[in-house]
Amino acid sequence: MGIVMGPNQYGKAEVRIVSVNRDNPRHTIKDLNVSSSLRGDLDGAHLTGDNGNVLPTDTQKNTVYAFAKEAPIGEIEEFALRLGRHFVGTADGITGARILIDEYSWERIPVGGTGHDHSFARSTDEKRTTAVTIDGDQAHVVSGLKDLIVLKSTGSEFWGYPKDKYTTLSETNDRILATAVTARWRYLHTDVDFGKSFESIRATMLEAFATTHSLALQQSLYEMGKAAMEKHPEVAEVRLSLPNKHHFLVDLEYCGLENNNEVFFAADRPYGLIEGVVKRDDVDEAPQAWYSLPQF
Ligand SMILES: O=c1[nH]c(=O)c2[nH]c(=O)[nH]c2[nH]1
């Protein structure tokens with residue numbers, strides 16, 4: 001019997017990088033938050049302090065910046081694949097890598113009806129995301145988005161739920177449904193036009209949210225994942241995390257006014273949290289290692 005070292009990984013978290021393409025006067029920018037984690041033969045580091053296989057996290061950070069200069073960043077999935085393959089291909093004892101990238105969106109500032117060449121505005125907190133896992137010579141891509149805030153002002157009901165002595169919630173045939181979408185979808189392979197696929201999956205999920213007459217956020221979740229997967233054979237599963245941003249009808253009785261679903265109190269907490277995986281029944285689950293630390 002003894003104490004051993006379990007699964008582990010290490011790297012540099014949240015390398016913030018803004019890259020300006022100045023090839024012509026109409027600049028383009030990429031604004032990224034990049035995290036790298038390396039896995040492999042790291043027992044020595046943990047058990048005896050032997051750093052022979054520990055490529056410093058500082059070097060990992062420098063590699064991110066250098067790669068942004070050496071070749072165009074491209075889609076975040078491509079950049080993450082390049083970085084991950086580099087670490088696994090060149091660092092002694094490193095057999096796996098996980099690269100996480102969040103991309104912040106910038107839009108050109110309209111000036112006289114057209115977008116300005118080198119001035120940008122960020123009007124949303126929404127991020128495009130990817131998590132690339134390199135395992136030896138295998139590569140796996142899970143992409144998605146975070147903080148896409150959506151709201152339906154009608155077309156949402158919630159009733160038919162069990163009631164007990166603690167229940168106070170009234171059934172409703174017409175309520176506001178609002179959420180901040182976090183979605184992650186797992187690609188079956190890496191031979192994908194990642195930019196096109198992202199735009200289409202995002203648009204398809206939004207359309208499903210809008211057009212589903214919702215009897216619960218759970219039903220909207222399934223319809224959003226299903227619609228994306230029906231259009232995208234390259235996707236094996238979609239994981240969704242949907243906080244139910246409750247909007248409570250304000251009782252305007254105090255001043256003798258009727259409230260016909262017009263005035264709401266937007267609560268920030270607590271919130272329902274509706275989460276689920278929509279998947280193909282003929283495709284195996286991804287190993288947990290593609291989502292976080294192996295075996296965690
Ligand atoms: O769409 C909903 N799903 C729930 O599970 C739930 N629970 C709740 O109180 N309100 C709602 N709304």
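How far is a nitrogen atom of the ligand from an N or O atom in the side chain of N244? In this predicted model, the separation is 3.2 Å. N244 is one of the residues that surround the ligand. The others are F158, L169, R175, A216, L217 and Q218. Two further polar approaches involve R175 and Q218. A polar side-chain atom of R175 lies 2.8 Å from a ligand oxygen atom. For Q218, an N or O atom of the side chain is 2.9 Å from a nitrogen atom of the ligand.

Helix α5 spans residues 217-231. L217 and Q218, both among the residues around the ligand, fall within that range. Helix α4 covers residues 194-211, and its axis comes within 8 Å of the α5 axis. The two axes cross at roughly 140°. Angles over 145 degrees would count as roughly antiparallel. The pair α4 and α5 is therefore classed as oblique. The crossing is right-handed. On the α4 side, the contact is made by S200, I201, T204, M205, A208 and F209. On the α5 side, E223, M224, A227, A228 and K231 take part. By class, seven of the contact residues are nonpolar, two are polar and two are charged. The charged residues are E223 and K231 of α5. The polar ones are S200 and T204 of α4.

A second helix pair is formed by α2 (residues 57-70) and α3 (residues 76-90). Their axes come within 11 Å and cross at roughly 130°. Helices α2 and α3 are therefore also oblique to each other. Their crossing is right-handed. Helix α2 contributes Q60, T63, V64, F67 and A68 to the contact. Helix α3 contributes F79, R82, L83, H86 and F87. These residues divide into six nonpolar, three polar and one charged. The charged residue is R82 of α3. Among the polar ones are Q60 and T63 of α2.

Two features of the backbone complete the description. A cis peptide bond joins R269 and P270, with omega at about -5°. P270 is found in the loop between β11 (264-266) and β12 (272-279). The other feature concerns D147. This residue is not a glycine, yet its phi is positive, at about 60°. D147 lies in strand β7, which runs over residues 138-152.

Key:
Residues numbered from 1 in each chain as written. Predicted model: local features only at pLDDT ≥ 70, side-chain atom pairs only at ≥ 80, totals over all residues. Heavy atoms only, no water. Axes fitted to C-alpha atoms, helices over the stretch in contact; angles between N-to-C directions. Helix = DSSP H or I, 4+ residues; strand = E, 2+ residues; numbered from the N terminus. Parallel < 35°, antiparallel > 145°, perpendicular 65-115°, else oblique. Left-handed = near helix turned anticlockwise from the far one by under 90°. Contact = heavy atoms within 4.5 Å. Near = heavy atom within 4 Å. Polar contact = N/O pair within 3.5 Å; in protein donor to acceptor, adjacent residues only side chain to side chain.
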